[in-house]
Amino acid sequence: GTADYVFCWLLGAGGMLLSWPILVGFFHLPPVFCRNMIYYVLYIWSKRNPTAQANIWGFPIQGMYLPFAYLAMTVFIGGSYMDMIHGIVVGHFYYFLVDVVPMVYGKDILRTPQFLIDYFGIGEYR
């Protein structure tokens with residue numbers, strides 16, 4: 001729902017802000033997190049919709065491979081890719097803690113706070 005999506009964005013932004021000072025000593029990461037957040041959301045979407053069909057320049061690709069296909073294209077053309085990897089890694093932490101841990105271990109580690117649910121509601125996107 002809406003509150004879950006806002007919580008996802010807040011955790012992603014917080015995770016990137018906390019991990020950036022550590023990573024900037026080893027890799028060239030710009031202090032602007034636009035692409036990081038795009039690939040954060042794209043990775044989570046790809047894990048939740050693995051069989052969805054997407055197209056890259058007219059070539060069909062399954063949703064689960066979409067972030068990695070974009071990453072491969074960026075590496076192939078010689079573009080900057082560390083910010084993409086940063087977003088994918090932070091997205092994997094979110095996906096693991098929110099979707100995998102409750103399913104495998106039966107423990108709900110991350111829950112959307114009640115104040116976000118009260119403010120935004122629990123509507124579903126269609």
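Here is a friendly exchange about a predicted model of one protein.

Trainee: Which conventions apply to the numbering and to this predicted model?
Mentor: Happy to set the ground rules. Residues count from 1 along each chain as its sequence is written, and side-chain values use heavy atoms, with hydrogens and water left out. As this is a predicted model, totals for chains, interfaces and linings use all residues, while side-chain atom pairs count only at pLDDT 80 or more and local features need pLDDT of at least 70.

Trainee: In what order do the elements of the protein run from the N terminus on?
Mentor: Helices (H or I, at least four residues) and strands (E, at least two) are DSSP runs, numbered from the N terminus. The protein has five helices and two strands. Their order is α-α-β-β-α-α-α.

Trainee: What share of the residues in the protein is buried?
Mentor: Let's fix the term: buried means under 20% relative accessible area, exposed over 50%, and partly exposed in between (1.4 Å probe, protein chains only). The protein has 126 residues, and the buried share is 33%.

Trainee: What share of the accessible surface of the protein belongs to carbon and sulfur atoms?
Mentor: Areas here come from the Shrake-Rupley method with a 1.4 Å probe, and for residues only the protein chains shown count as cover. The accessible surface of the protein comes to about 8,300 Å². Of that surface, carbon and sulfur atoms hold 69%.

Trainee: How does the span of helix α1 sit beside the expected one, and what is the expected value?
Mentor: The expected span is 1.5 Å times one less than the number of residues in the helix. Helix α1 covers residues 2-23, which is 22 residues, and reaches 31 Å from its first C-alpha to its last. That is close to the expected 32 Å.

Trainee: Which elements do the buried residues of α1 pack against?
Mentor: The buried residues of α1 are Ala3, Phe7, Cys8, Gly12, Met16 and Ser19. Contact means heavy atoms within 4.5 Å. By that rule, these residues pack against α2, α4 and α5 (114-120).

Trainee: And which elements do the buried residues of α3 pack against?
Mentor: Helix α3 spans residues 66-76, with Leu66, Pro67, Ala69, Leu71 and Thr74 buried. After the helix comes Gly78, with a positive phi near 85°. The packing partners of the buried α3 residues are α2 (34-48), β1 (53-56), β2 (59-62) and α4 (82-105).

Trainee: Which element gives the largest share of the largest nonpolar core?
Mentor: A nonpolar core is a set of buried Ala, Val, Leu, Ile, Met, Phe, Trp, Tyr and Cys residues joined through side-chain atoms within 4.5 Å. The largest one has 13 residues, among which Tyr39, Ile56, Ile61, Leu66 and Ile88 touch the most other members. Two or more residues each come from α2, β1, α3 and α4. The largest share, four residues, comes from α4.

Trainee: How many residues are in the second, separate core?
Mentor: Its members include Cys8, Met16, Ile44 and Tyr94. The count for this second core is nine.

Trainee: Is His86 buried or exposed?
Mentor: His86 lies in helix α4. Leaving out residues up to four places away in sequence, His86 touches Met16, Ser19, Trp20, Leu23, Leu29, Phe33 and Asn36. Because its relative accessibility is 4%, His86 counts as buried.

Trainee: Is Asp83 buried or exposed?
Mentor: Asp83 is found in helix α4 too. Beyond its neighbours within four places in sequence, Asp83 is in contact with Leu29, Arg35 and Asn36. Its relative accessible area is 6%, so Asp83 is buried.

Trainee: Why does Trp57 count as exposed?
Mentor: Trp57 sits in the loop between β1 and β2. Its phi is near 50°, a positive value in a residue other than glycine. Trp57 counts as exposed because its relative accessibility is 74%.

Trainee: How far apart in space are Lys47 and Pro30, C-alpha to C-alpha?
Mentor: Lys47 is found in helix α2 and is partly exposed, with a relative accessible area of 34%. In sequence, Lys47 and Pro30 are 17 residues apart. In space, their C-alpha separation is 26 Å.
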